[in-house]
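Colleague: I have a few labels to challenge. Could you take me through the reasoning behind them?

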Amino acid sequence: MIFNQHAFIFVFSPLILAAFYCPPLRRLRVYTLVAASFVFYGLSGIEHAITLAAGIVWVYLVTRSPAIIGNIWRLVLAIAPPFLGLFYYKYLGFFIEGVLGLGTGQESEVFDLFKDIILPAGISFFTFQLASFAVDRFRGDLPEVPDFGRFALYISFFPQLVAGPILRHRQVAGALERLTEFNLRSETASVAIGYICLGLAAKVLIADTLGSYQSVYISAPGSLSVFSALYVLFAYSFQIYFDFYGYSLIAIGLGRLFGFEFAMNFNRPYEALNPRDFWRRWHITLSYWIRDYLYLPLGGNHNYVRNILIVFTATGLWHGAGWTFVIWGLFHGVFVIVYHFASGPWNILPAFIQRALTFGLVSLGWTLFIFDFSGVKAFLWSLIGQSEAGVANPSMEAWLGLSVAALVCFGANFEKAAENLTRHTVTANVRTAGFAILFVVTLLFIDRSQTFIYFRF
Amino acid sequence: MINPFKFFGLTFLFTVAMYAVATYVPAKDPFAVQPKNQLVALDGLSLPAFAELKFRHVARQPRYDIGLFGNSRSLGVGARHLSLGECRFFNFSVGSESFRFTIANLERLQEIGKAPTLALISIDNFELQRYNNPISLFAAIRWEKAFNDIMAGLTRGDIGFEDVLRMGWRHVWIEIKRFKMTFNPETFFTGIVTLFSDGNYFQRVSPSATGYYFDGSRNSPELAKEAVFNILLKPTSQQIKAGYFKFDIERLARLQKMGILAVVYESPLEPKSADAFLRRPSPQAINSRKTFKKACAELGLKCYTAPRRLSNDEGFWTDPSHPPAKNLGVYLDGLLDKNRLACPR
């Protein structure tokens, strides 16, 4: 199930909210949400729900004993099965074909079985949460183990299950403990509604609209005029941003309805002044996870270049099993390193040039998300005017869509809009009506909406 | 601050308004005006609005002699394809609907005395097993039909309880689909334009364009240019339940007793698919066809199973289940010949 579906909005959410706030069921809230989360996830495949459940049970059993503190073998025992699951579902096909070079020749039939493996949505997200819990237990950062229900809810909670934000247990431990006492105040409901409306609108009205304009160009990367190529370059940048940002906002809003305050995943990333700044603003919870569980254990700033390259290769691989993702990670890693050594001259540039350069580089990097290598090459030729344009240039409507996306990206502050708790009667009424209109307009277009891009990660 | 109660109240109101706009039926009758060589474009109109426009048109007219009922498979056949003589003809077909809508529509027309003297009724080929509940009717009528279906299921010996549950769920499903239809940008914007253009929205288009003739039939010139479709149909899972199917045929027989001559024909398939099914019909199609023939014979209805081929098979099949209007017209002309009417043909 996905957030941008009638079934989720009109059936699933009201039912779960009703069950959650039903007074006789107050003591069962943890289990209500766990059950709801498994229904939410299980609708896309029972096998995947079983994988999730097995991961939860295993990590809980292995990590609940204090014996894990400082015991590296117990830690390996805890996290190996979830990571093996991740490897099986996400990387095995790539490993066989892309790394070992098998499965393409005469022996291909032997590997056909692995080609049909369907990736469980959000497996990278929940595997990382399981791992962070196990590592925190190993380090002794989590002396208290939650009961099983709360642990299961921490991992499987449906608003953030398939595309984050990636939560640390300590960030939600308080909310999990207070779940049965939680009462929804009108201020919290207001903020939640604001986030959900804005998130849905960002996804359905902006990201999916831009996606529909680009599809014709993405299918013919070698037949684009410079204008069309530029259009794709920037339209995809805004599309992936509003797609993922929209999801995160909805997740935050839904979390608030149940008493959880999720960490922000974005902080105006396209206003970043340099590549390092970008990674402090884009998918923040992943950046911090990588920093805390990979970069710092590797030695952090000691041996900076090596560690940055490892970290960004891992970030690339986290996003997808393929060489394009590896190169995408390295692309960012190289720019972070270049910035590290050239920060002096870079920082004296006017801020808008720094922003434009960073935005341009990030946008160029996204092409590795859209195309395979031959597609990227063909696209880059188009971008520098070396291709014969076979597809008509984007329409005025398409450019208008891109302009609106840019205006919203750089001009609007969604968090401020959602968190605004002004009680002035007229202002509050206008805001309420405005959000209701935005919600209904979003619903009007929701049938055309696509799956979230980050679901496949 | 967003007031949650006001937010949900307003959302409800806006949704109701959107529903009203999306299903708005213009007062003007697009099928009434008769300038020659012109069609009327009804693009973007919602299915319920389209069905209602046809109903209202018929309600204002003297009773038609011949009516063609069905869905997109019969929508293209017009007076131009038939030898009608003095007979007045109207195509009552509504795309996406099925046999159950046809019967409900006929019952509704009968109530106002406007059902045609002869009703040519298309039923989807039994290999397709399409047996949807009506979606285009008003809520009150849909719910009345749903109630009748459930009651029939509970009182008749030939409908099992499992089928009653299934039928109940199908009615719920139709309500969900109907609700989802509210959120369609095309129908909403068409509704807005129609609402503010005082019913003068319908554009006239030339016969070379896609549009509707004034006899209710559709002209789709771009479809006719398509090459012959080369895909073989596969049998679909069973939807037609014998007990309910018989119940529907009985409803049709009741209408016939009220003075409507009902001629039911099974919609033909593209020859390659038809031949394949002829060699190996699916069990569900065999069962449905058996019920169809038996019930029709018992109740005195004229029912025809799908012909193996339509005349002039070289016609353009845009897909294997939508017969070319011209060729289907020749076949229907033959059925009209077999079932003579009072009006001189």
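Modeller: Let us begin with Asn105(B). Setting aside neighbours within four places in sequence, Asn105(B) is in contact with Phe55(B), Phe69(B) and Phe92(B). Remember that this is a predicted model.

Colleague: What makes Asn105(B) count as buried?

Modeller: Its relative accessibility is 6%. Buried means under 20%, so Asn105(B) counts as buried. The residue lies in helix H3 of chain B.

Colleague: Why is Ile337(A) called buried?

Modeller: The reasoning is alike. Ile337(A) has 11% relative accessibility, so it counts as buried; the cut-off is under 20%. Ile337(A) has its place in helix H15 of chain A, residues 323-347.

Colleague: Which residues is Ile337(A) in contact with, leaving aside neighbours within four places in sequence?

Modeller: Val305(A), Ile308(A) and Leu309(A). Contact here means heavy atoms within 4.5 Å. As for Gly365(A), it is 28 residues from Ile337(A) in sequence, and the two C-alpha atoms are 16 Å apart in space.

Colleague: Now helix H5 of chain B. How do you know that its length agrees with the span expected at 1.5 Å a residue?

Modeller: H5(B) runs over residues 161-181, which is 21 residues. The expected span is 1.5 Å times one less than the number of residues, and for H5(B) that gives 30 Å. The end C-alpha atoms are 30 Å apart, so the two agree.

Colleague: Which residues of H5(B) are buried?

Modeller: Asp163(B), Val164(B), Met167(B), Gly168(B), Arg170(B), His171(B), Ile174(B) and Arg178(B).

Colleague: Why do you put them on the same side of H5(B)?

Modeller: They cover an arc of only 155 degrees around the axis, which puts them on the same side of H5(B). An α-helix has 3.6 residues a turn, so residues three or four places apart point the same way.

Colleague: What covers that buried set, and what sits on the face turned away?

Modeller: The cover of the buried residues includes H1, H2, H3, H4 and H8 of chain B. The face turned away from the buried side carries the exposed residues Phe161(B), Glu162(B) and Leu165(B).

Colleague: On to the largest pocket. How much space lies in it?

Modeller: About 780 Å³. Its lining has 31 residues, and those closest to the centre are Ile9(A), Pro14(A), Phe439(A), Phe7(B) and Phe8(B).

Colleague: Which helices each supply at least two lining residues to this pocket?

Modeller: H1, H10, H11 and H20 of chain A, together with H1 of chain B. H1(B) gives the most, with nine residues. By class, the lining of the largest pocket divides into 27 nonpolar, four polar and no charged residues.

Colleague: And cavities? How many are there of 30 Å³ or more?

Modeller: Three. The largest holds about 70 Å³ of space. Among its lining residues are Tyr241(A), Phe242(A), Tyr245(A), Arg268(A) and Glu415(A).

Colleague: Which classes make up the lining of the largest cavity?

Modeller: Eight nonpolar, one polar and two charged residues. Arg and Glu count as charged, and Arg268(A) and Glu415(A) are in this lining. H11(A) gives the most to the lining, with three residues.

Colleague: What lines the second largest cavity?

Modeller: Pro275(A), Phe331(A), His332(A), Phe335(A), Thr358(A), Leu361(A) and Val362(A). H15 and H16 of chain A each give two or more residues to that lining. The second largest cavity holds about 40 Å³ of space. Its lining has five nonpolar, two polar and no charged residues.

Definitions and conventions
Residues are numbered from 1 along each chain as its sequence is written. Chains are lettered from A and ligands numbered from 1 in the order in which they are written. This is a predicted model: local features need pLDDT of at least 70, side-chain atom pairs count only at pLDDT 80 or more; totals for chains, interfaces and linings use all residues. Side-chain values use heavy atoms; hydrogens and water are left out. On a 1 Å grid over the protein atoms alone, a cavity is a set of points where a 1.4 Å probe fits but cannot get out, and a pocket is an open set with protein on both sides within 12 Å along at least five of seven lines; lining residues have an atom within 4 Å of a point. Grid points are joined across faces, edges and corners, and a volume is the space filled by probe spheres set on the points. Helices (H or I, at least four residues) and strands (E, at least two) are DSSP runs, numbered from the N terminus. Buried means under 20% relative accessible area, exposed over 50%, partly exposed in between (1.4 Å probe, protein chains only). The arc is that of the directions from the helix axis to the C-beta atoms.
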